[in-house]
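Hello,

Below is the structure I said I would pass on. My notes on it follow.

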Amino acid sequence: MTVLSELSAAHPLTPYGWDSGFADSFAPHAARGLAPGRIVRVDRGRCDLVVEDPDGGVRTVAADTALVTTGDPLNIMCTGDWAAVDLATGYVQALLPRRTAFVRSTSSKRSEGQILAANVDLAVVAVSLAVELDLGRIERFLALAWESGAEPLVVLTKADLADGPDVLAHLLADTRAAAPGVQVLAVSAETGEGIDVLAAVLAGGTSVLLGQSGAGKSTLANVLAGAPLQEVQAARDRDGKGRHTTTTRNLLALSGGGVLIDTPGLRGVGLWDAEGGVSRTFSEIEALAARCRFHDCGHDSEPGCAVLAAVDDGELAHRRLDSYRKLLRENAYLAARTDARLRSEMRRDWKQKQAVGREAAARKRGGGR
């Protein structure tokens, strides 16, 4: 073990994800007398960070984010970021480079990305069994999770509400078929089923908890943290949906080790530059496509299409192919809109520069008046 790794291993922030890699990135800031801190919450120009306490423990401090505020929605600070903070002035001075970032597209007409969590090892997709299983939504979450650089994990919550062990086994099988290469767990915060397994999987790393309102995320976070840290409300009986009890993204220390970022319920989960994530989510279709007669096969009606042949033979579910096509179309459409937006911004900037140039020329002709 190197001296640098020994120092990081002994650091009070190690349970929050601090390691030799972040210590190396932080070295220039340490030379300026700044302190490392992990952002546990962001709220209106300020953030809370966990930092080293003078007695060798950790404490939470509030800091101003004005010096690192940016107009770029993908570079704005978020929960999970590591920061260099001046504890004397109370200002965040810089953010460390991110290893992973979970990003979705916003619902605005500006086609912007919104970052939900940073420096995450595991992206936990929480799906309630109190309502009908939506495999397409799970696949959408998985595409974004793979694209983020984190490893996905699907957790079927409220397993006690499944109509018996046979039904639960069927739901697990359907989910695993929609999530190749992804671990799928069934848990119940009510009975404790599967909680110990989930806690062991999350121990020692950083996880983000994602899902719709009513999926039981806040209840699950409280159980894993061993304390009622997050407010909980009951889901509606008629449709299993819940209200937004979590309104900000909060980083919580888990009783079994590791940290968890709890997020508000996500009504919309738009893709954002997630072509690679879609490929990982539908890895079996990508493998089949490599055997198609034409390299640019659209898997529609082309002769020699291995994907369509797999559907005809029952090897591939038609639902999977439809979902694959849908997400690829959506991702391509968003990319086209984003390109159009960039072109529009470039034209606007050019026109502004032209206007400035004309004004300067007019002042010159008028003798500087």
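**Aromatic cluster and rings**

Trp18, Phe22, Phe26 and Trp82 are joined into a cluster by ring pairs. The model is a predicted one, and the count of aromatic pairs in it comes to four. Phenylalanine 22, a member of that cluster, also has arginine 99 over its face, at 3.7 Å from the ring centre. A second arginine over a ring is arginine 280, which lies over the face of tryptophan 146 at 3.8 Å from the ring centre. Tryptophan 146 falls within helix H3, residues 135-148, which comes up again below.

**The chain overall**

The chain has 369 residues, of which 45% are buried. Its secondary structure consists of ten helices and 13 strands. Of the contacts with a separation of 6 or more, 64% are between residues 24 or more positions apart. The exposed area is about 18,800 Å², and carbon and sulfur atoms supply 51% of that.

**The six-stranded sheet**

In which order do the six strands of the open sheet run? The order is E10-E9-E8-E11-E13-E12, with mixed pairing. The edges are taken by strand E10 (183-186) and strand E12 (250-253); each has a single partner strand, so one side of each has no neighbour in the sheet. From one strand to the next the twist averages 25°.

Going through the sheet from the E10 edge, the pairings are as follows.

- E10 and strand E9 (residues 151-157) are parallel and share four bridges. Here leucine 153 is opposite glutamine 183 of E10.
- E9 and E8 are also parallel, with seven bridges between them. Leucine 122 is opposite glutamate 151 of E9.
- E8 and E11 run parallel and are joined by four bridges. Alanine 123 is set opposite valine 208 in E11.
- E11 and E13 are paired in the parallel sense, again through four bridges. Leucine 209 has aspartate 262 in E13 as its bridge partner.

How much of E9 is buried? Six of its seven residues are, so the strand is largely enclosed by the rest of the structure. For E11 the figure is five of five residues. The burial of E11 holds on both faces: Thr206, Val208 and Leu210 are buried on one side, and Ser207 and Leu209 on the other. Two of these residues have appeared above, valine 208 opposite alanine 123 and leucine 209 as the bridge partner of aspartate 262.

**Helices across the sheet**

Two helices can be placed against these strands. Helix H3 (residues 135-148) lies across strand E8 (122-128), E9 and strand E11 (206-210), and runs at about 150° to E9. Helix H6 (residues 217-225) lies across E8, E9, E11, E12 and strand E13 (259-262), and its angle to E13 is about 160°. E8, E9 and E11 are thus listed for H3 and also for H6.

**Two loop residues**

Aspartate 121 is in the loop between strand E7 (113-118) and E8. Is aspartate 121 buried, exposed or partly exposed? With a relative accessible area of 44%, aspartate 121 is partly exposed, as the range for that class runs from 20% to 50%. Setting aside residues up to four places away in sequence, aspartate 121 touches Ala150, Glu151, Gly205 and Thr206. One of these, glycine 205, is 84 residues from aspartate 121 in sequence, yet the C-alpha atoms of the two are 6.2 Å apart. Glu151 belongs to E9 and Thr206 to E11, so that contacts of aspartate 121 include residues of both strands.

Cysteine 78 is in another loop, the one between strand E3 (58-64) and strand E4 (82-86). Its relative accessible area is 2%, so cysteine 78 counts as buried, the cut-off being under 20%. Beyond its neighbours within four places in sequence, cysteine 78 is in contact with Ile39, Val42, Arg98, Ile115, Ala117 and Ala118. The C-alpha atoms of cysteine 78 and asparagine 250 are 9.8 Å apart, with the two positions 172 residues apart along the chain. Asparagine 250 is in E12 (250-253), one of the two edge strands of the sheet.

Regards

Definitions and conventions:
Residues are numbered from 1 along each chain as its sequence is written. This is a predicted model: local features need pLDDT of at least 70, side-chain atom pairs count only at pLDDT 80 or more; totals for chains, interfaces and linings use all residues. Side-chain values use heavy atoms; hydrogens and water are left out. Buried means under 20% relative accessible area, exposed over 50%, partly exposed in between (1.4 Å probe, protein chains only). Contact means heavy atoms within 4.5 Å. Accessible areas come from the Shrake-Rupley method with a 1.4 Å probe; for residues, only the protein chains shown count as cover. Two strands pair if DSSP finds at least two bridges between them. Axes are lines fitted to C-alpha atoms, for helices over the stretch in contact, and angles run from 0 to 180 degrees between N-to-C directions. Rings of Phe, Tyr and Trp (its six-membered ring) pair if their centres lie within 6.5 Å; planes under 30 degrees apart count as stacked, over 60 as edge-to-face and the rest as tilted. A charge sits over a ring if NZ of Lys or CZ of Arg is within 6 Å of the ring centre and within 35 degrees of the ring normal.
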